[in-house]
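Reader: I am new to protein structures and would like to learn how to read one. Could we go through this one together, step by step?

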Amino acid sequence: MIKSKLALSSSVIILGICMYLYFPFPNNLMVGARSTFMSFPISNQDGYIFLGIIGSVLFIIAMILLVIGMKKYHFRTIIIVVIVYGLLPNLLITIYQETLASGIAAISYNGNGKCKFETVSKDLLNGECNLVLHNRSNEAVSFELELMDSFFMEDEVRMESLMNLAGPKSITIEANRKKSIHLKELLELSDVPKHIEGGTSENIHFKLIDGETTRTL
């Protein structure tokens, strides 16, 4: 079944390099990506991302070497490798968080957070955000949460970050617990020059802050 050990070994090494380039820990490196390929951001609001393009090319080369190294079952092998490549980083992160991680490094986020903004009157909005965080460590973790604007907003119009106007959100999550975070604020925006008039956003991003340590999720 193996045609070339050299090609297969090279493929594994290159895939390891690809995973290292954009390993999603401690920060989510896909934040702000407008186009992606596998785990690589290809472009963002500033244009094309050179390292992401290199990673994409390396991944394709790795797949070609994988095919060269196998005598048969090419399609089946590629599908299996792509699935493993996609699942392995999160599995490794979970193992690390449940064994060695502490503080905000042990916090995980499923990416399903949502925010909703409704107009009350001119320059006055109701803002509401919901997300779920999981503390995978054996100790309680305390931190501040700071929401980040969507990078798809044009002209630097503020949206999710408006929730920060009311001050830092201090949160504590007990050991080995999931916690639903519900934020609700009445936002006075007369001093904010660029902001939305209302709307919703999904898959929101934010920072966890613990002293001088931060994580972007």
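**Strands, sheets and a helix**

Author: Happy to! Let us begin with one pair of residues: Leu145 has a bridge partner in strand 11, and that partner is Leu208. Please keep in mind that the model is predicted.

Reader: In which sense do strand 7 and strand 11 pair, and over how many bridges?

Author: Strand 7 covers residues 141-148 and strand 11 covers residues 205-210. Leu145 and Leu208 are bridge partners here. The two strands pair in the antiparallel sense, over 5 bridges.

Reader: What holds paired strands of a sheet together?

Author: Strands of a sheet pair either parallel or antiparallel, and they do so through backbone hydrogen bonds. In the open sheet of 4 strands here, the pairing is antiparallel and the order is 8-7-11-12.

Reader: Why is one side of strand 8 and of strand 12 left without a neighbour in the sheet?

Author: Look at the order 8-7-11-12 of this open sheet. Strand 8 (169-173) and strand 12 (213-216) stand at its edges, so one side of each has no neighbour in the sheet. The reason is that each has a single partner strand.

Reader: By how much are neighbouring strands of this sheet turned against each other on average?

Author: We take the strands of the sheet 8-7-11-12 and look at neighbours. Ignoring direction, the average turn between them is 30°.

Reader: Which strands are the edge strands of the open sheet with the order 1-2-3?

Author: This sheet is formed by 3 strands with antiparallel pairing. An edge strand here pairs on one side only. That description fits strand 1 (35-37) and strand 3 (47-48).

Reader: Which residue in strand 3 stands opposite Asn44?

Author: Strand 2 (residues 40-44) pairs with strand 3 in the antiparallel sense, over 2 bridges. Across from Asn44, in strand 3, you will find Gly47.

Reader: At about what angle does helix 2 run to strand 2?

Author: Helix 2 spans residues 50-69. It lies across strand 1, strand 2 and strand 3. To strand 2, helix 2 runs at about 145°.

Reader: Stepping back, what share of the residues of the protein counts as buried?

Author: The secondary structure comes to 3 helices and 12 strands. A residue counts as buried when its relative accessible area is under 20%. Of the 217 residues of the protein, the buried share is 37%.

Reader: And how far apart are the mean positions of the positive and negative charges?

Author: The protein has 19 positive and 21 negative charges. The distance between their mean positions is 17 Å.

Definitions and conventions:
Residues are numbered from 1 along each chain as its sequence is written. This is a predicted model: local features need pLDDT of at least 70, side-chain atom pairs count only at pLDDT 80 or more; totals for chains, interfaces and linings use all residues. Side-chain values use heavy atoms; hydrogens and water are left out. Buried means under 20% relative accessible area, exposed over 50%, partly exposed in between (1.4 Å probe, protein chains only). Lys and Arg count as positive and Asp and Glu as negative; His and the chain ends are not counted. The place of a charge is taken as NZ of Lys, CZ of Arg, CG of Asp or CD of Glu. Two strands pair if DSSP finds at least two bridges between them. Axes are lines fitted to C-alpha atoms, for helices over the stretch in contact, and angles run from 0 to 180 degrees between N-to-C directions. Contact means heavy atoms within 4.5 Å.
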